[in-house]
Amino acid sequence: MKKIIVAALLAGMSLPLMAQKAAEDSTAWKSRMQWFKDAKLGIFIHWGIYAVDGVSESWSFHNERVPYADYMAQAKRFTGSKWNALNWVDLIKESGARYAVMTTKHHDGVALWNTKAGKLSTVKTTKAKRDFITPFVNELRRQNLKVGLYYSLLDWSHNDYPNFTKSKSRYKIAEDSKRWNRFVDFNFAQLGELRNQFNPDLWWFDGDWEQSAEDWRAPQLVAFLREGNPNVVINSRVQGYGDYATPEVGGPVQQPTDPYWELCMTMNDSWGYQHKDTLFKSPYELLRSFCDCLSMGGNLLLDFGPREDGTIPEPEVAILKEFGRWTAKHHEAIYGTDAGVYKDAFQGYTTLSKDHRTLYLFIPYRPHGEVEVKGLLTKLKGARVVGSNTPLSWKIYNEADWRAEPGNLYIEIPEQELDSEITVVALDLEKPVEMYVKKDVRQFQQ
């Protein structure tokens, strides 16, 4: 997967996306995106022949670290011998995720379903000789989870695709438009298969950076995918023609300007299985990233990379199970919430209930008995620990009728009420939240 500079993604919608949304009924867009906005947590799965030797998916041959022939030879040893769709989906659901996105085809061109349009697939060219997408999609649907399909627009293995490795190319589009159009027709054919067979809830595209929106026929592609399913959600990696932004790995420093966005993140430093990569993030670190996304109104798409036999590495299983424990306990503060209040108000993360009458505080540290909230104008009805509903004591200092600023709210948190990872407190308010904003802010002069 191409590394994308987060700052560029978060600067705002691309011009094509802005133009599309200006032309589209915003009510339809909001309606289409509602389930995605409420879902908060998704699971990403990178699986393919690259798991055999544990090399970087597609990039290992593109960057000429592994000869192409050696990379493709992994197909003869890719078995999926212990793969079970039920086991995967059970774990995904246990994690608290509301949707999952699986790689149907990465940049190496090897499809994980029985494609009729292409020559490379796990059915035709691997030892497994089977379709992995159909059982997985069926099990997601059976367990009432939303279905996301990843598809790489570029295909470095396809003879009609212009680029091959970082130092070798096949041709230039401007010099052979007939050949390029043949490749785009191939993309449409494969995507038509996926659309017609699986009717996904979400399309997750990748690889758009090598060509222009015009060359990809981006507007026509989006329209093609929405035939029969106008509510399907599409990420913006079709040169901006889509519904939401997808920053990668590093979390945004400031709240994105895009109304809908999703941070995709690895559990270690790799998307697919790499046996040498043992630098796993802890559940606490990943949960902090999740809370950060929640507080800014975004989603987290958390990735795991199965072994070639279809089993999931134990550290990744442990992370997903801990996510499941934590999300089950704190579900009211997660799903269907809105972005929280401004960051200076609380030393942690925050979300708001849909009616904005409950402010949730995510505490990623062990407080010395109390936590502080500043700038809260709305009167408090009560404070409680999410998960146990234990009522909490609170008090307000520095309140005075001669100043516009509200007092400082302090909530007492007993040690025994702290969660092992991140504690969540609910502030139930008398009316929708109002926060103090100073009107005459002066810049600090050095």
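Let me start with one pair of residues: F44 stands opposite D303 in strand β7. The model we are looking at is predicted. I will work outwards from that pair to the sheet, and then to the chain.

The strands β1 and β7 pair in the parallel sense, over 5 bridges. On β7, residues 299–304, 6 of the 6 residues are buried, so this strand is largely enclosed by the rest of the structure. Which way do its side chains point? N299, L301 and D303 point one way from β7, while L300, L302 and F304 point the other way. Residues on both sides are buried. As background, in a regular strand the side chains alternate between the two faces of the sheet.

Next, the neighbours. On β7 there is also a pairing with β6, again in the parallel sense, over 4 bridges. Within that pairing, L263 has L300 of β7 as its bridge partner. Strand β1, residues 41–45, is also joined to β2, residues 99–105, by 4 bridges, and these two strands run parallel. There, I43 is matched with A100 in β2.

Put together, these strands belong to an open sheet of 7 strands, with parallel pairing. The order across the sheet is β5-β4-β3-β2-β1-β7-β6. Which strands stand at the edges? They are β5, at 233–234, and β6, at 262–265. Each has a single partner strand, so one side of each is left without a neighbour in the sheet.

Now a pairing of the other sense. Strand β11, residues 370–373, is joined by 4 bridges to β15, residues 408–412, and the two run antiparallel. One matched pair here is E372 with Y410 in β15. On β11, V371 and V373 make up a covered face, and E370 and E372 an uncovered one.

Two loop residues should be pointed out for their backbone angles. In general, most residues other than glycine have a negative phi. S58 is not a glycine, yet its phi is positive, about 65°. S58 sits in the loop between β1 and α4, the latter being 59–62. Is S58 buried or exposed? S58 is buried, with a relative accessible area of 0%. The other residue is V249, with a positive phi near 70°. V249 lies in the loop between β5 and β6. At 29% relative accessibility, V249 counts as partly exposed.

Further along is K438, in the segment after β16, which spans 423–429. K438 is partly exposed, with a relative accessible area of 43%. From C-alpha to C-alpha, K438 is 8.8 Å from A404, and the two are 34 residues apart in sequence.

Finally, the chain as a whole. It has 12 helices and 16 strands. For 446 residues, a compact globule would have a radius of gyration near 22 Å, and the chain has 24 Å, which agrees. Along the principal axes, the C-alpha atoms fill a box of roughly 75 × 50 × 45 Å. Of the 446 residues, 58% count as buried. Among contacts between residues at least 6 apart in sequence, 72% join residues at least 24 apart. The exposed area is about 19500 Å², and carbon and sulfur atoms supply 51% of it. As for charge, there are 55 positive and 57 negative ones, and their mean positions are 3 Å apart.

Definitions and conventions. Residues are numbered from 1 along each chain as its sequence is written. This is a predicted model: local features need pLDDT of at least 70, side-chain atom pairs count only at pLDDT 80 or more; totals for chains, interfaces and linings use all residues. Side-chain values use heavy atoms; hydrogens and water are left out. The radius of gyration is taken over C-alpha atoms; the globule rule is 2.2 Å times the number of residues to the power 0.38. Buried means under 20% relative accessible area, exposed over 50%, partly exposed in between (1.4 Å probe, protein chains only). Contact means heavy atoms within 4.5 Å. Accessible areas come from the Shrake-Rupley method with a 1.4 Å probe; for residues, only the protein chains shown count as cover. Lys and Arg count as positive and Asp and Glu as negative; His and the chain ends are not counted. The place of a charge is taken as NZ of Lys, CZ of Arg, CG of Asp or CD of Glu. Two strands pair if DSSP finds at least two bridges between them.
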